[in-house]
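Visitor: I should like to go through this model with you piece by piece. Could we begin with how its helices meet?

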Amino acid sequence: MKYTVREFMKKLGLLMFFFLGLLLDAKGELQEGYKKPYTIFDADGREIGYEELVKGLSQADVVCIGEIHNCSIIHWLELELTRSLYAIHGDKLMMGAEMFEADNQLILDEYMENKISYDSFEKEARIWSNYNTDYEPFVYFAKENKIPFIATNVPRRYANMVKNKGLQSLDSLTEEAKRYLPPLPIHFVREEENESMFSMMQMIGGKMAADNTEYLAQAQALKDATMGWFIAKYMKTKFLHFNGNFHTDFGKGIIPYLLEYRPNTKIKTVCSVRQEQIEQIDEVNKGRGDYYICVLEDMTSTY
């Protein structure tokens with residue numbers, strides 16, 4: 001029997017709830033002899049339950065879910081958190097994601113409003129290769145419940161432009177192109193730690209020093225500023241945003257730009273981490289977020 005992606009994810013979620021129910025005793029504690037797939041912690045490293053996480057996130061204006069892009073458990077929880085926050089906020093909730101680029105907003109809107117087919121959307125929207133398994137479930141939930149969904153990321157051609165020529169190159173763009181960018185100039189603070197990380201990534205990728213690490217950091221800043229700008233521009237009351245961990249780790253990335261464009265916004269971040277053990281947060285991960293979803297490092301990946 002063949003299932004659509006939505007049917008598969010729905011059945012997967014039901015099965016996970018069923019098996020977790022078998023593993024938990026009446027007090028909600030894991031029965032001896034079983035391994036749980038994840039643990040949730042607050043900023044102090046205290047283990048909390050799912051409902052406490054939802055309650056805490058519901059009090060924020062903006063929730064940024066920092067994800068591990070290929071972690072199946074995290075993607076399932078993203079869908080569950082979407083459902084839970086929608087149940088609380090209803091039509092006050094808006095959503096957005098790094099996985100969609102700002103110049104595809106019209107295509108995304110037309111798909112969400114059933115004006116174009118899924119095939120047309122998939123063909124034209126430059127969706128990520130893991131979209132069908134990892135992001136389609138919460139996008140479809142938004143579609144079915146008429147939740148406004150914002151394409152927050154910068155068009156990749158402009159990020160590539162900055163990677164090669166620096167932020168100053170954006171000044172040469174037309175006014176039409178600048179519609180997909182935050183207000184210029186973008187405030188950029190050079191951090192040697194980030195540049196060292198980019199340099200290491202290049203070496204691992206076999207590129208050595210082919211690219212200017214400062215320009216790489218500027219391209220990353222452009223992405224963060226663009227996401228912060230479009231959240232601030234479109235949000236009304238409550239906004240749920242999905243992005244990779246790096247974009248919100250340690251209160252950096254998107255966060256300072258969002259506060260620049262929309263001061264006094266109350267923001268909560270969730271950081272997803274992989275660890276050898278999930279009984280407590282490793283020291284290296286402390287300080288990265290307001291909440292943590294801690295997953296065993298050998299958890300199945302989607303790619």
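Visitor: Which residues of helix 8 meet helix 10?
Guide: Tyr158, Ala159, Val162, Lys163, Asn164 and Lys165 in helix 8 do so. On the side of helix 10 the partners are Tyr215, Leu216, Gln218, Ala219, Leu222 and Lys223. Contact means heavy atoms within 4.5 Å. Helices (H or I, at least four residues) and strands (E, at least two) are DSSP runs, numbered from the N terminus.

Visitor: What is the basis for such statements?
Guide: This is a predicted model, in which local features need pLDDT of at least 70 and side-chain atom pairs count only at pLDDT 80 or more, while totals for chains, interfaces and linings use all residues. Residues are numbered from 1 along each chain as its sequence is written, and side-chain values use heavy atoms, with hydrogens and water left out.

Visitor: At what angle do the axes of helix 8 and helix 10 cross?
Guide: The axes of helix 8 (residues 156-165) and helix 10 (residues 213-234) cross at roughly 155 degrees and come within 7 Å. Helix 8 is therefore roughly antiparallel to helix 10, a term for angles over 145 degrees. Axes are lines fitted to C-alpha atoms, for helices over the stretch in contact, and angles run from 0 to 180 degrees between N-to-C directions.

Visitor: Turning to strand 3, how many of its residues are buried?
Guide: Six of the six residues in strand 3 (residues 62-67) are buried, that is, under 20% relative accessible area (1.4 Å probe, protein chains only). Val62, Cys64 and Gly66 lie on one side, with Val63, Ile65 and Glu67 on the other.

Visitor: Which strands pair with strand 3?
Guide: Strand 6 (residues 238-244) pairs with strand 3 in the parallel sense over six bridges, and Gly66 stands opposite Asn243 there. Strand 7 (residues 267-275) also pairs with strand 3 in the parallel sense, over five bridges, with Cys64 opposite Thr269. Pairing requires that DSSP find at least two bridges between two strands.

Visitor: And helix 3: how far apart are its end C-alpha atoms?
Guide: The end C-alpha atoms of helix 3 (residues 72-89) are 26 Å apart, which agrees with the expected 26 Å for 18 residues. The expected span is 1.5 Å times one less than the number of residues. Because 13 of the 18 residues are buried, helix 3 is largely enclosed by the rest of the structure.

Visitor: What follows helix 3?
Guide: Just after helix 3 comes Gly90, with a positive phi of about 60 degrees.

Definitions and conventions: Buried means under 20% relative accessible area, exposed over 50%, partly exposed in between (1.4 Å probe, protein chains only). Angles under 35 degrees count as roughly parallel, over 145 as roughly antiparallel, 65 to 115 as roughly perpendicular and the rest as oblique.
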